[in-house]
4 protein chains.
Amino acid sequence: MRFFSDNAAPAHPKVLEAIAASNRLDTAYDGDEWSKRLDGAFSDLFGTEVRAFWVTTGTAANCLALAALCPPYRAILCHQDAHIEVDEAGAPGFFTGGAKLVLLDGPGAKLTLHVVAAACEAIRNDVHQVQPAAISITNATEYGLVYRASEVARIGEFAKERGLALHMDGARLANALATTGESLADTTWRAGVDALSFGFVKNGGLTAEALILFRTELADEIAVRRKRAGHLLSKGRMMAAQILAMLEDDLWLENARAANAAAKALAKAAGPRLVYPVEANELFLKLTDAEAARLRDRGFDFYEWGPGQIRLVTSWDSRAEDVERLATAIAAL
Amino acid sequence: MRFFSDNAAPAHPKVLEAIAASNRLDTAYDGDEWSKRLDGAFSDLFGTEVRAFWVTTGTAANCLALAALCPPYRAILCHQDAHIEVDEAGAPGFFTGGAKLVLLDGPGAKLTLHVVAAACEAIRNDVHQVQPAAISITNATEYGLVYRASEVARIGEFAKERGLALHMDGARLANALATTGESLADTTWRAGVDALSFGFVKNGGLTAEALILFRTELADEIAVRRKRAGHLLSKGRMMAAQILAMLEDDLWLENARAANAAAKALAKAAGPRLVYPVEANELFLKLTDAEAARLRDRGFDFYEWGPGQIRLVTSWDSRAEDVERLATAIAAL
Amino acid sequence: MRFFSDNAAPAHPKVLEAIAASNRLDTAYDGDEWSKRLDGAFSDLFGTEVRAFWVTTGTAANCLALAALCPPYRAILCHQDAHIEVDEAGAPGFFTGGAKLVLLDGPGAKLTLHVVAAACEAIRNDVHQVQPAAISITNATEYGLVYRASEVARIGEFAKERGLALHMDGARLANALATTGESLADTTWRAGVDALSFGFVKNGGLTAEALILFRTELADEIAVRRKRAGHLLSKGRMMAAQILAMLEDDLWLENARAANAAAKALAKAAGPRLVYPVEANELFLKLTDAEAARLRDRGFDFYEWGPGQIRLVTSWDSRAEDVERLATAIAAL
Amino acid sequence: MRFFSDNAAPAHPKVLEAIAASNRLDTAYDGDEWSKRLDGAFSDLFGTEVRAFWVTTGTAANCLALAALCPPYRAILCHQDAHIEVDEAGAPGFFTGGAKLVLLDGPGAKLTLHVVAAACEAIRNDVHQVQPAAISITNATEYGLVYRASEVARIGEFAKERGLALHMDGARLANALATTGESLADTTWRAGVDALSFGFVKNGGLTAEALILFRTELADEIAVRRKRAGHLLSKGRMMAAQILAMLEDDLWLENARAANAAAKALAKAAGPRLVYPVEANELFLKLTDAEAARLRDRGFDFYEWGPGQIRLVTSWDSRAEDVERLATAIAAL
């Protein structure tokens with residue numbers, strides 16, 4: 001029973017069906033009928049005109065966006081535990097051509113206006129210090145906390161005042177919204193987000209993430225950058241088809257709700273062992289090595305997360321009986 | 001009836017089946033059981049120890065290889081019609097960090113030892129001129145010509161003498177070998193090739209190309225560069241599964257033979273209209289605008305290729321009746 | 001008696017004096033009184049508001065300008081014999097982050113509107129091919145030809161229509177203007193030039209070239225890029241002082257006239273041996289190896305320039321008696 | 001009376017004389033007689049075979065070295081207050097092509113083995129996290145502390161064990177050695193340093209710093225990278241001549257001793273106001289705004305350094321009477 005990552009879960013059957021259905025001769029790259037529907041589908045979903053691009057990884061979505069938002073000689077403010085800093089092999093440096101990540105602090109990998117503003121304040125405004133160009137936040141965060149729309153908006157307003165762009169890494173945005181119940185629009189463009197990495201692969205997709213541009217004038221540049229980075233697949237229809245399947249009947253939201261519910265059930269069992277409140281589908285528990293070993297002995301797989309801590313991740317397909325068994329096992333520790 | 005690109009053809013049913021069969025929980029990225037079998041499968045196929053990486057595009061395969069073979073401050077020799085120069089949006093410059101492509105000439109996008117050696121000769125050996133580090137050839141070429149193993153070996157030997165690396169863009173390597181009947185080994189590593197982009201997507205695959213390293217010591221660097229470029233998919237098992245399906249019972253070779261046979265049939269009809277001999281699955285025909293229009297009127301789709309020329313591409317699934325109809329139509333012009 | 005490069009000549013005494021005079025405590029970098037005078041001095045000289053930056057090499061001036069005018073994913077059109085292509089070790093690729101040089105042809109390293117327009121025409125407007133962003137011309141060219149203001153303007157107009165930037169490498173702009181007698185303004189910004197590398201080091205300076213921005217809104221970016229490339233010297237006053245000395249009483253023009261006059265004298269002697277008309281301070285002569293050897297035996301130093309050709313370069317300090325002797329020796333061959 | 005930076009001091013008269021003496025026709029770039037003497041001069045000075053390159057800024061020296069020691073996809077460990085992080089406009093990202101700086105902590109900008117080792121330990125060894133390739137230390141540090149040879153050696157040994165390169169930013173190495181009395185050799189290559197930025201400009205030079213390679217096999221790459229970054233000046237003789245003048249009769253050490261002595265005199269007056277021990281030529285003092293204003297009123301110039309602190313820097317030409325006056329003024333606060 002594996003609880004180590006939503007990354008590793010299978011794709012949803014409807015996603016596979018959509019891929020199969022798209023497997024016929026069409027124009028290569030993104031000239032096919034599925035790809036052409038993406039802009040419209042996402043514009044409807046967000047209630048504003050957007051431009052949407054399929055890419056195969058969150059790293060690609062994040063870093064293509066950042067490259068368009070930050071020139072090589074400026075900086076991106078992000079949390080020191082942000083995925084772009086910790087888990088993307090330096091991809092932001094590669095895609096931007098050497099821009100700098102300025103690392104900020106705060107519990108649960110969540111940024112606050114206060115921290116962001118103080119960091120900007122500390123940068124001397126001259127040619128010797130790298131000036132900021134963008135802020136990147138992750139929602140839900142790498143520790144499973146979520147930003148309310150109002151929290152994003154506070155940062156978004158500051159960004160606008162300072163002429164900074166705002167990027168959201170939404171690898172688990174679905175899980176965040178399943179919790180807040182707030183709208184996509186309120187949590188993103190209305191709150192000042194310029195570009196969004198909208199994750200599907202952790203949430204039932206197979207290989208397709210979406211990069212959403214609210215600043216539509218960046219679309220031409222992103223299209224070129226995507227090709228130039230080797231991310232323009234020739235049979236792009238299979239990419240678009242996956243995403244369209246995820247959007248149909250809000251499958252993306254339904255899947256996220258399932259994962260979150262499983263996490264809630266585990267959270268209840270974990271009680272005071274929780275390092276952070278459980279707001280999405282990740283749990284961080286304080287556990288002794290012996291306790292962790294006991295869980296493993298009973299057939300549960302998960303990652304250690306530093307000394308005395310473990311991480312559990314639920315996914316759209318977490319089976320009720322597995323979750324229940326794990327909850328029982330945790331409670332029994 | 002579309003003859004504009006093998007890129008646009010559907011994937012082979014066995015490839016889709018393999019993806020579906022791999023759609024279950026496993027380790028993320030390339031730690032799954034399918035991905036782990038790749039090195040062995042390709043080592044068997046090539047008859048030597050290799051390291052194999054799945055990537056989603058030929059551009060990624062080519063440029064990851066070139067980045068490992070050529071430092072930012074040196075140059076790659078290639079044909080002026082090479083895909084890396086003409087159709088990859090400057091990706092070599094991006095992946096290498098600014099290395100230079102030195103563009104060579106020759107009929108049908110094919111390089112000869114003579115041309116390569118003369119180009120090296122012309123570069124003054126000092127810090128003002130960019131010194132070469134690698135040669136890249138495409139087999140079959142962008143105009144459908146093939147390199148015999150001995151032709152590759154002549155360039156490979158020169159490369160070795162001069163301390164240059166040799167890369168082969170094998171987007172249509174299957175088609176080349178289906179024609180020459182020579183072995184993978186003789187055409188690649190025995191001929192001095194250091195890294196190979198082994199294409200599957202134009203030949204029945206869906207999203208998976210293979211980057212094969214004969215210089216296995218580059219594998220760690222390539223693994224990092226792949227991740228850093230956003231090309232390490234989390235559900236990598238679907239990538240490896242596709243490739244394994246293509247290798248099984250030499251499906252890759254069978255598909256290429258089918259495409260080549262269709263091209264041969266068209267070539268026979270085209271006769272003196274052919275710009276180049278047809279050695280793979282691409283045909284370039286001299287046609288007046290009126291003639292081209294007549295073909296289009298009869299339901300055939302293809303690309304113009306400069307004034308007075310068209311390109312036809314067959315694929316693994318070209319239907320016999322379509323090919324026959326087109327052959328008849330061409331003959332009737 | 002050395003005629004191999006104006007690069008190698010000593011600095012003019014007034015330049016050394018200016019350096020010595022500036023050698024006192026002042027604000028570091030470019031906050032000193034000399035550096036602060038540059039913008040004004042060049043704005044006066046050009047008859048329009050410009051921003052001026054000292055840098056130590058033509059390579060730095062050229063490539064900082066190109067990096068501001070061309071994003072990493074686009075291309076710069078230039079002659080295949082341009083200094084930026086042939087003699088800067090790939091610096092454009094480094095400074096721009098991988099932009100491409102598209103190489104054009106034409107006698108004497110000179111571009112014409114016709115050639116530039118045809119090159120643009122040949123680039124397919126899609127994401128697969130690298131789209132142009134800028135044109136770079138060298139005046140005087142690498143083979144000593146000059147652009148009349150009207151010739152620049154023709155290219156400049158085309159650039160404007162196509163949304164391309166225009167850069168001029170003016171390493172020997174002084175020599176060009178000494179010949180045409182046209183004005184700085186007419187030859188640069190009035191003709192559509194956006195950024196100019198204004199050379200002084202080949203013309204009596206010691207270490208200071210000027211990068212002139214006619215699009216003044218690029219100044220902040222250039223200031224940062226200069227620092228980031230390690231080109232912001234701490235004792236910048238010695239850089240600005242050199243340039244101010246060169247501008248005083250038109251020393252830059254006077255020096256260029258002296259070099260050109262020496263070249264003219266040699267050109268007269270060379271007659272039909274000249275490969276190109278002599279319009280600046282460079283001469284390219286057809287000479288057999290035996291003839292070249294004879295000149296060397298008589299104490300003249302110069303570069304071979306391919307088989308059967310030599311290059312002679314005069315400079316601001318070419319001594320009349322040396323020039324006369326060489327002229328006599330050439331005439332006597 | 002200016003105490004804000006040694007950067008801003010004039011060059012030593014002998015340096016200007018050397019420049020004037022070198023101002024005659026010679027081979028361009030670094031083919032002249034002065035440049036050719038550098039390798040030998042520094043090899044003698046260090047007691048081992050080295051390769052030496054002149055460059056115009058410490059930023060260029062640091063970042064050329066780091067680019068040769070760290071590939072684009074790896075990281076450099078340095079102090080969070082290191083000049084390369086704080087004051088070079090992101091130049092390491094530019095020169096390396098996007099390598100990452102991992103920022104470490106410790107009083108006075110000084111690294112210890114413990115801190116370096118812990119940082120390495122914290123990096124997960126997989127493709128998702130950026131693996132370290134090099135360590136960079138500054139001696140004397142940005143806060144005027146010095147590394148004893150044994151302290152460098154401890155870090156150097158660790159670096160060797162871990163396969164990491166060691167770079168020293170020696171912008172004020174002369175001041176450090178003037179204090180420790182230890183040898184250049186012991187403090188650098190014998191302690192495991194691979195490449196050294198040897199500063200002269202803050203210490204009486206005009207425009208020339210030296211990049212010293214103890215790993216001489218990197219010299220060819222550095223020569224190309226220097227050119228490619230626009231740092232190969234054509235009249236390089238004036239660069240080499242400056243450095244040779246600084247080495248003659250240990251002028252570099254004599255100048256540093258003068259600056260350090262001035263700093264010691266001020267340190268004595270500052271007493272408990274000192275934030276760090278004064279080991280080189282920089283002093284950081286706790287001062288109220290009112291106190292700082294009083295010093296300014298009496299004609300002393302200096303930088304504020306955060307709230308309630310100021311920085312004083314002495315230089316080779318600090319005049320005894322100015323120092324005495326300032327010491328008196330500080331004591332009188």
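These exercises work through the interface, the symmetry and one sheet of a predicted two-chain model.

**Conventions.** Residues are numbered from 1 along each chain as its sequence is written, and chains are lettered from A in the order in which they are written. Local features need pLDDT of at least 70, side-chain atom pairs count only at pLDDT 80 or more, totals for chains, interfaces and linings use all residues, and side-chain values use heavy atoms, without hydrogens and water.

**Exercise 1. Determine how much area chain B and chain A bury, and which residues of chain B lose the most.**

Step 1. Fix the quantity. Buried area is the accessible area (1.4 Å probe) that two parts lose on being put together, summed over both.

Step 2. Read the total. Chain B and chain A bury about 3900 Å². Carbon and sulfur atoms carry 59% of it.

Step 3. Rank the residues. F94(B), R228(B) and K235(B) lose the most area on the chain B side. Together they make up 20% of what that side buries.

**Exercise 2. Describe the contact between the chains by residues, elements and polar pairs.**

Step 1. Count residues in contact (heavy atoms within 4.5 Å). Chain B gives 46 residues and chain A gives 46 residues.

Step 2. Count polar contacts (N or O atoms within 3.5 Å, one able to donate a hydrogen and the other to accept it; residues adjacent in sequence count only if both atoms are side-chain atoms). The interface has 28 such residue pairs, both residues at pLDDT 80 or more.

Step 3. Locate the elements. Helices are DSSP runs of H or I with at least four residues; strands are E runs of at least two. On chain B, α1 (13-21), α3 (58-69), α5 (91-96), α10 (219-228) and α11 (237-247) each give two or more residues. α5(B) gives the most, with four residues.

**Exercise 3. Find the operation that superposes chain B on chain A.**

Step 1. Superpose by least squares on C-alpha atoms of residues with pLDDT of at least 70 in both copies. The result is a rotation of 180° with 0.0 Å of shift along its axis, at RMSD 0.0 Å.

Step 2. Interpret. The two copies are therefore related as by a two-fold rotation axis.

Step 3. Check the surface. In chain A, 100% of the contact residues of chain B recur.

Step 4. Find the residue of chain B closest to the axis. A229(B) is that residue, at 3.5 Å (C-alpha).

**Exercise 4. Work out the strand order of the three-stranded sheet in chain B.**

Step 1. Apply the pairing rule: at least two DSSP bridges between two strands. β8(B) and β10(B) (309-313) pair antiparallel over five bridges. One bridge joins L285(B) to I310(B).

Step 2. Write the order. The open sheet runs β8-β10-β9, with antiparallel pairing. Its edge strands are β8 (282-286) and β9 (303-304) of chain B.
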